[in-house]
Every structure is written in C-alpha cells, then in structure tokens.
Amino acid sequence: SFSLDYAFDEGRGGLNATLQTAAKHEDGFFVFRTPLDGRAVLNLNARYRVADGLMLTVHGQNVFDERYQEAAGFNAPRAGVTGGIAWTF
C-alpha cells in the first residue's frame, strides 16, 4: 500500500489517499485452487475540525469501484461514501 497525507488550515483539516495493491495469485489448497486477479484500490479520507471538540469526517472507499475478491467466493465491498461527526468533551 501507499499513502499520502496532507494537512491544511494550520492542522484543522486533513486529507488522506491510500492506494492498496495486490498481485494476481491463487486461493485455496491442494487441487482446489482458484485464480484471483490483481487489483489496485483507492480510498480517500477527509477531516475538518470546525470547533474545539467537533470534527467532521468523510471516507470514500474503493473510489473507482474496483471489483475483486480477497478470498475465492467472497466479493470485496463496492464503492461507497460515509460521513461522520466526532464530538469530544
């Protein structure tokens, strides 16, 4: 994997991009082997502290909607976006 982080607005905000890769390989044992394709998956994250103790977050998972299996028969999650609010007191 490869990650880049960027902070801005004197550390109040931050961006992160993570690229996860895997080569073509086989899953299984003995004669029951299943070939799995290689992949490159990009995840993006953003955060911003709007006030002391209050943070907004956004996460983009599998941004380019790469379709792949980490193990034979188990599809990985498709593209998605989530957001959140973190409040500490």
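Modeller: A strand here is a DSSP run of E with at least two residues, and strands are numbered from the N terminus. The model is predicted.

Colleague: In which strand is V58 found?

Modeller: Strands are numbered from the N terminus, which means that the label of a strand gives its place in that numbering. The strand that holds V58 covers residues 54–61. V58 is therefore found in a strand of the kind just defined, namely β6.

Colleague: Is V58 buried, partly exposed or exposed?

Modeller: Buried needs a relative accessible area under 20%, and exposed needs one over 50%. V58 has 44% relative accessibility. That value fits neither class, so V58 counts as partly exposed.

Colleague: How far apart are the C-alpha atoms of V58 and G83?

Modeller: Along the chain, V58 and G83 are 25 residues apart. Leaving aside neighbours within four places in sequence, V58 is in contact with L44, N45, A46, V81, T82 and G83. In space, the C-alpha atoms of V58 and G83 are separated by 4.2 Å.

Colleague: How many helices and strands are there in the protein?

Modeller: Read along the sequence, the pattern is β-β-β-β-β-β-β-β-β. The counts are 0 helices and 9 strands.

Colleague: In what order do the 5 strands of the open sheet stand?

Modeller: The pairing in this sheet is antiparallel. Its edge strands are β1 and β9 (80–87), each of which pairs on one side only. Neighbouring strands are turned by 10 degrees against each other on average, with direction ignored. From one edge to the other, the order is β1-β2-β5-β6-β9.

Colleague: How many bridges join strand β2 to β5?

Modeller: Strand β2 covers residues 13–22 and runs antiparallel to β5. One of the bridge partners across this pair is V41 in β5, opposite Q20. At least two bridges are needed for two strands to pair. The number joining β2 to β5 is 10.

Colleague: Which residue in β2 is the bridge partner of F8?

Modeller: The strands β1 and β2 run antiparallel and are joined by 7 bridges. Their hairpin has 4 residues between the strands, and D9 takes a positive phi near 55 degrees there. In β2, the bridge partner of F8 is G13.

Colleague: Is T18 buried or exposed?

Modeller: T18 is found in strand β2, and it stands opposite N43 in β5. Its relative accessible area is 14%. Buried means under 20%, so T18 is buried.

Colleague: With which side chain does the side chain of T18 make a polar contact of 2.9 Å?

Modeller: Not counting residues up to four places away in sequence, T18 touches F2, S3, V41, L42 and N43. A polar contact of 3.0 Å joins the side chains of T18 and N16. The polar contact of 2.9 Å is with the side chain of S3.

Colleague: Why is the ring pair of Y6 and F8 called stacked?

Modeller: A search of the whole structure finds 3 aromatic pairs. The rings of Y6 and F8 have their centres 6.1 Å apart, with their planes at 20 degrees. Planes under 30 degrees apart count as stacked. The angle is therefore the reason to call this pair stacked.

Colleague: How many residues apart are F8 and Y48, whose pair links distant parts of the chain?

Modeller: F8 and Y48 form a stacked pair, at 6.1 Å centre to centre with 20 degrees between the planes. F8 lies in strand β1 (residues 2–8) and Y48 in strand β5 (residues 39–51). Ring pairs link Y6, F8 and Y48 into a cluster. F8 and Y48 are apart by 40 residues.

Colleague: Does Y6 count as buried, partly exposed or exposed?

Modeller: F8 has 28% relative accessibility and counts as partly exposed. Y48 has 27% and also counts as partly exposed. For Y6 the value is 52%, and the cut-off is over 50%, so Y6 counts as exposed.

Colleague: What radius of gyration does the protein have?

Modeller: Along its principal axes the C-alpha trace spans about 60 × 20 × 20 Å. Buried residues make up 16% of the 89 residues. A compact globule of 89 residues would have a radius of gyration near 12 Å, but the protein has 18 Å.

Methods
Residues are numbered from 1 along each chain as its sequence is written. This is a predicted model: local features need pLDDT of at least 70, side-chain atom pairs count only at pLDDT 80 or more; totals for chains, interfaces and linings use all residues. Side-chain values use heavy atoms; hydrogens and water are left out. Rings of Phe, Tyr and Trp (its six-membered ring) pair if their centres lie within 6.5 Å; planes under 30 degrees apart count as stacked, over 60 as edge-to-face and the rest as tilted. Buried means under 20% relative accessible area, exposed over 50%, partly exposed in between (1.4 Å probe, protein chains only). Axes are lines fitted to C-alpha atoms, for helices over the stretch in contact, and angles run from 0 to 180 degrees between N-to-C directions. A polar contact is a pair of N or O atoms within 3.5 Å; within protein, one must be able to donate a hydrogen and the other to accept it, and residues adjacent in sequence count only if both atoms are side-chain atoms. Contact means heavy atoms within 4.5 Å. The radius of gyration is taken over C-alpha atoms; the globule rule is 2.2 Å times the number of residues to the power 0.38.
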